[in-house]
Amino acid sequence: MDDLLPPVTDEDGAPFWEYAARGELRVQACAATGCGRPRFPPRPCCPHCRSFDSEWRAVSGRGRVWSYVLPHPPLLPAYAAQAPYNVVVVELTDAPGIRLVGNVVSGPDAPLDSVDPERLRIGAPVKAVFCPVTADVALVRWTLER
């Protein structure tokens with residue numbers, strides 16, 4: 001895991017990673033009265049009503065595979081050692097339109113190649129798990145639900 005790329009945070013997205021490090025999946029949402037729409041990636045202004053009021057809402061962590069790819073060949077040596085692995089786009093069940101990128105793995109600390117690519121399907125139900133990278137950082141990954 002030490003060779004894998006850590007997330008790059010910015011001021012708008014930092015709370016996402018802080019919650020993930022605590023094992024919580026939250027998305028930014030508009031806090032303006034009458035709007036309340038979730039948004040991702042995080043940004044200072046609501047793209048729907050233009051309000052600068054926001055909050056971080058807990059979501060269930062459940063979703064469906066919206067798309068996926070098996071990188072061939074991986075460009076970085078640390079990733080090549082784990083090929084074949086998947087990169088998925090997951091649409092959240094309780095925040096339709098919000099899509100997160102990650103990997104489907106067999107468990108929170110499992111390597112990227114822990115799920116046979118033949119098991120992946122568009123629409124497959126998944127649940128978020130959190131893989132600690134450091135004391136302050138956890139990656140959001142996904143496990144297949146049965």
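Glu91 is partly exposed in this predicted model, its relative accessible area coming to 22%. Its side chain meets that of Arg99 in a salt bridge, with N and O 3.3 Å apart. Arg99 is likewise partly exposed, at a relative accessible area of 35%. With the cut-off for burial set at under 20%, the 22% of Glu91 does not count as buried.

Salt bridges that share partners also occur here, joining Arg22, Glu24 and Arg26 into one network. Within this group, the side chains of Arg22 and Glu24 come together at an N to O distance of 3.6 Å. The two residues fall into separate accessibility classes: Arg22 is exposed, with a relative accessible area of 56%, whereas Glu24 is partly exposed, with a value of 25%.

A further pair is formed by Glu145 and Arg62, whose closest N and O atoms lie 3.1 Å apart. Glu145 sits in the segment after strand S8 (138-144), while Arg62 belongs to strand S4 (residues 62-69), so this salt bridge ties together parts of the chain that are 83 residues apart in sequence. Both partners are partly exposed: Glu145 has a relative accessibility of 27%, and Arg62 one of 35%.

Taken as a whole, the structure holds 5 salt bridges, among them the pairs Arg99 with Glu91, Arg22 with Glu24 and Glu145 with Arg62.

Notes
Residues numbered from 1 in each chain as written. Predicted model: local features only at pLDDT ≥ 70, side-chain atom pairs only at ≥ 80, totals over all residues. Heavy atoms only, no water. Salt bridge = Lys/Arg side-chain N within 4 Å of Asp/Glu carboxyl O. Buried < 20%, exposed > 50% of the residue type's maximum accessible area, 1.4 Å probe, protein only. Helix = DSSP H or I, 4+ residues; strand = E, 2+ residues; numbered from the N terminus.
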